[in-house]
Amino acid sequence: MSSHKIILDCDPGHDDAMAILLALGNPSVELLAVTTVVGNQTLEKVTHNARALLEFAGARHIPIAAGCPRPLVRDIQNAAEVHGISGLDGTHLPEPTLPLDKRHAVDLIIDTLKAHPAKTVTLVPIGGLTNIALAVRKAPEIVELVKEIVLMGGGYHTGNRSAVAEFNIAIDPEAAHIVFNEKWPLTMVGLDLTHQAKPTDAIMAKIAALNTPISRFVVESLNYYTAGYRQRNGYSDHAPVHDPCAVAYVIDSSMIETCKAPVDIELQGTLTLGMTVTDFRAQAPADCHTQVATKLNNQRLWEMFIDALKRLDK
Ligand code: BDR
Ligand code: CA
């Protein structure tokens, strides 16, 4: 089976937690490093959560480093209304003892890319893009080293932080502007795609039936997350689980359809700040380095996720 070397840059967060478990449990993924960034909660809280998750899933060998405690230019905004005060409200993970890597996340990202042959490592950011923007400013040569950036963020038809801006882009639009404008291959797994990633009652029952410590954590986490969506957005479905979609695309790109299109980040708009402006007017130019995810095979996503949970069985 081919192996997918990835660095996961995250802000756990309920759906980040699902992305981490998918990456840890899928046999084709080699998770080289986990880095954290301010986002769903403070840097301190999301780093604590990431350490707790890795330890809980038996992955003490993976280096984990804390990154930026605030966006490049703007004030901190978090998503406590979605993920709670701790960032993982509703769950009960043991206190972690796993030590942090001494390096800043930006340095762990750069060092890890340099330690592997060029174009073999995929960067998977599933939070704000602050660390990735700083990494490419500090070491511009990583543009040539990265295989691909596959990020959860943005959307071409919708937003969630505003009518047109998605949370991960809206919290640090300047960082997103840097990342989308570097010439590395970039796949935007945005809200148009991730809103298709909802578990059904039957899928939730299958996860619950595994009845392992990890599956019980997943049920607690997704139940809390869905209850919030139902309360805030008048949902009757289960909430869309955004972040694992980016990991799933790296594992098996055939389950997600994409379309090449130029994407840029709005930095000036009074109503549209942080919009991922996607140009579908004509066929994308030959040198277009960005593509957007459009259609998900949701059944396969959840089969892949449940398979990963079974492999992480404790
Ligand atoms: C994104 O925002 C965060 O709250 C989630 O973790 C996800 O990365 C969805 O807009
Ligand atoms: Ca996230």
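A crossing of two helices is left-handed if the near helix is turned anticlockwise from the far one by less than a right angle. All views below show a predicted model.

**View 1. Helices α10 and α11 pack with a left-handed crossing.** Helix α10 covers residues 201–210, and α11 covers residues 213–233. Their axes lie 7 Å apart, at an angle of about 145 degrees. From α10, the contact draws on M204, I207, A208 and L210. From α11, it draws on S215, V218, V219, L222 and N223. By class, these residues divide into 7 nonpolar and 2 polar, with no charged residue.

**View 2. N211 sits in the loop between α10 and α11.** Its phi is near 50 degrees. That is a positive value in a residue other than glycine. Most residues other than glycine have a negative phi.

**View 3. Helix α5 crosses helix α8 at roughly 55 degrees.** Helix α5 spans residues 130–138, and α8 spans residues 173–181. The two axes come within 8 Å. The angle makes α5 oblique to α8. The crossing of α5 with α8 is left-handed. On the α5 side, T130, I132, A133, V136 and R137 make the contact. On the α8 side, A175, I178 and V179 do so. This contact has 6 nonpolar residues, 1 polar and 1 charged.

**View 4. Side-chain and backbone oxygens coordinate the calcium ion (ligand 2).** D11 (OD), D16 (OD), D16 (OD), I126 (O) and D243 (OD) are the donors, at 2.3 to 2.6 Å. D16 is listed with two OD entries. Along the chain, the donors of the calcium ion follow the spacing D-x4-D-x109-I-x116-D. D16 and I126 link distant parts of the chain, being 110 residues apart. D16 belongs to helix α1 (residues 14–25). I126 belongs to the loop between β4 (121–125) and α5.

**View 5. D16 and I126 are seen here for their accessibility.** Are these two donors buried or exposed? D16 has a relative accessibility of 0%, so it counts as buried. I126 also has a relative accessible area of 0% and is buried. The cut-off for buried is under 20%.

**View 6. A cis peptide bond joins P12 and G13.** Its omega is about -5 degrees. Most peptide bonds are trans. G13 is placed in the loop between β1 (4–10) and α1.

**View 7. K119 has a positive phi although it is not a glycine.** The value is about 60 degrees. K119 is placed in the loop between α4 (105–114) and β4. K119 counts as partly exposed because its relative accessibility is 43%, and that class lies between the 20% and 50% cut-offs.

**View 8. E144 of helix α6 contacts A118 and K119.** Helix α6 comprises residues 142–145. Neighbours of E144 within four places in sequence are left aside in naming these contacts. Is E144 buried or exposed? E144 is exposed, with a relative accessible area of 54%. T42 is 102 residues from E144 along the chain. The C-alpha atoms of E144 and T42 are separated by 31 Å.

Definitions and conventions: Residues are numbered from 1 along each chain as its sequence is written. Chains are lettered from A and ligands numbered from 1 in the order in which they are written. This is a predicted model: local features need pLDDT of at least 70, side-chain atom pairs count only at pLDDT 80 or more; totals for chains, interfaces and linings use all residues. Side-chain values use heavy atoms; hydrogens and water are left out. Axes are lines fitted to C-alpha atoms, for helices over the stretch in contact, and angles run from 0 to 180 degrees between N-to-C directions. Helices (H or I, at least four residues) and strands (E, at least two) are DSSP runs, numbered from the N terminus. Angles under 35 degrees count as roughly parallel, over 145 as roughly antiparallel, 65 to 115 as roughly perpendicular and the rest as oblique. Contact means heavy atoms within 4.5 Å. Ala, Val, Leu, Ile, Met, Phe, Trp, Tyr, Cys and Pro count as nonpolar, Asp, Glu, Lys and Arg as charged, and the others, Gly among them, as polar. Donors are N, O and S atoms within 2.8 Å of the metal (3.2 Å for Na, K and Ca); water is not among the atoms, so sites may look incomplete. Buried means under 20% relative accessible area, exposed over 50%, partly exposed in between (1.4 Å probe, protein chains only).
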